[in-house]
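Here is a short note for someone opening this structure for the first time. Please read the points with the model in view.

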Amino acid sequence: KLSQAVQIYQDLLLAKHEPVALHALLVSQFRLLIQVKLLGHQGYHQAEIAQQLSVHPYRVKLALETVRRLDLRQLYDFYHALAEADFQLKQGIGVKEIQFDLLVSRYMTGSP
């Protein structure tokens with residue numbers, strides 16, 4: 001659903017949300033997905049994961065449904081790319097409003 005994510009991101013930019021704040025939310029969400037995937041592989045159940053990560057159980061439920069379809073390597077790679085884009089935003093490298101678009105286009109084409 002990357003095209004949908006880009007559209008939502010563009011809508012948030014039009015609503016005057018800061019790109020740095022949006023990237024921070026994305027990094028946080030992907031961190032949660034990775035943590036949920038790892039804890040799920042270790043045999044933790046939804047309630048145990050929620051308690052371990054100190055997040056609402058419904059967020060864990062949604063994350064478990066999402067990570068079931070995703071490979072851990074893909075999650076790591078995209079998380080790393082998000083973190084790099086976040087760093088560039090904070091350093092003033094590039095045009096902050098298009099960092100996410102560039103990241104998604106690289107991810108969709110399989111480029112590093």
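1. Start with one pair of helices. Helix 2 and helix 3 are oblique to each other. Their axes lie 10 Å apart, and the packing angle is about 130 degrees. Angles of 65 to 115 degrees would count as roughly perpendicular and those over 145 as roughly antiparallel, so an angle of about 130 degrees falls in the oblique class. Helix 2 covers residues 19-41, and helix 3 covers residues 46-53. The crossing of helix 2 past helix 3 is right-handed.

2. Which residues make this contact? On the helix 2 side they are Leu32, Gln35, Val36, Leu39 and Gly40. Helix 3 contributes Ile49, Gln52 and Leu53. Sorted by class, the contact of helix 2 with helix 3 holds five nonpolar residues, three polar ones and no charged ones.

3. A word on the model as a whole. It is a predicted model. The protein has six helices and zero strands. Read from the N terminus, the order of elements is α-α-α-α-α-α. The C-alpha trace spans about 40 × 30 × 25 Å along its principal axes.

4. Two totals describe the fold. The protein has 112 residues, and 26% of them count as buried. Among contacts with a separation of 6 or more, 64% join residues 24 or more positions apart.

5. Now take helix 2 with helix 4. Helix 4 spans residues 57-67. The two axes come within 9 Å and cross at roughly 75 degrees. Helix 2 and helix 4 are therefore roughly perpendicular to each other.

6. What does each side bring to the contact of helix 2 with helix 4? From helix 2 come Gln29, Leu32, Leu33, Val36 and Lys37. From helix 4 come Arg59, Val60, Ala63, Leu64, Thr66 and Val67. By class, the residues of this contact are seven nonpolar, two polar and two charged. Leu32 and Val36 of helix 2 appear here, and they also belong to the contact with helix 3.

7. How many salt bridges are there? The count comes to two. Side chains of opposite charge can pair when their charged atoms come close. One bridge joins Asp77 and Arg73, with the closest N and O atoms 3.0 Å apart. The other joins Asp86 and Lys90, where the closest N and O atoms are 2.9 Å apart.

8. Look at Asp77 and Arg73 along the chain. Both sit in helix 5, which runs over residues 72-91. They are four residues apart, so about one helical turn separates them. Asp77 is partly exposed, at a relative accessible area of 38%.

9. Asp86 and Lys90 also lie in helix 5. They too are four residues apart, about one turn of the helix. Is each partner buried or exposed? Asp86 has a relative accessible area of 12% and is buried. The cut-off for buried is under 20%, so Asp86 meets it. Lys90 is exposed, at 53%.

10. What does Asp86 touch, leaving out residues up to four places away in sequence? The list is Val20, His23, Ala24 and Val27. These numbers fall within residues 19-41, the range of helix 2. Asp86 itself lies in helix 5. Asp86 is thus worth a look in the viewer: a buried residue with a salt bridge to Lys90.

Technical notes. Residues are numbered from 1 along each chain as its sequence is written. This is a predicted model: local features need pLDDT of at least 70, side-chain atom pairs count only at pLDDT 80 or more; totals for chains, interfaces and linings use all residues. Side-chain values use heavy atoms; hydrogens and water are left out. A salt bridge is a side-chain nitrogen of Lys or Arg within 4 Å of a carboxyl oxygen of Asp or Glu. Helices (H or I, at least four residues) and strands (E, at least two) are DSSP runs, numbered from the N terminus. Buried means under 20% relative accessible area, exposed over 50%, partly exposed in between (1.4 Å probe, protein chains only). Axes are lines fitted to C-alpha atoms, for helices over the stretch in contact, and angles run from 0 to 180 degrees between N-to-C directions. Angles under 35 degrees count as roughly parallel, over 145 as roughly antiparallel, 65 to 115 as roughly perpendicular and the rest as oblique. A crossing is left-handed if the near helix is turned anticlockwise from the far one by less than a right angle, and right-handed if clockwise. Contact means heavy atoms within 4.5 Å. Ala, Val, Leu, Ile, Met, Phe, Trp, Tyr, Cys and Pro count as nonpolar, Asp, Glu, Lys and Arg as charged, and the others, Gly among them, as polar.
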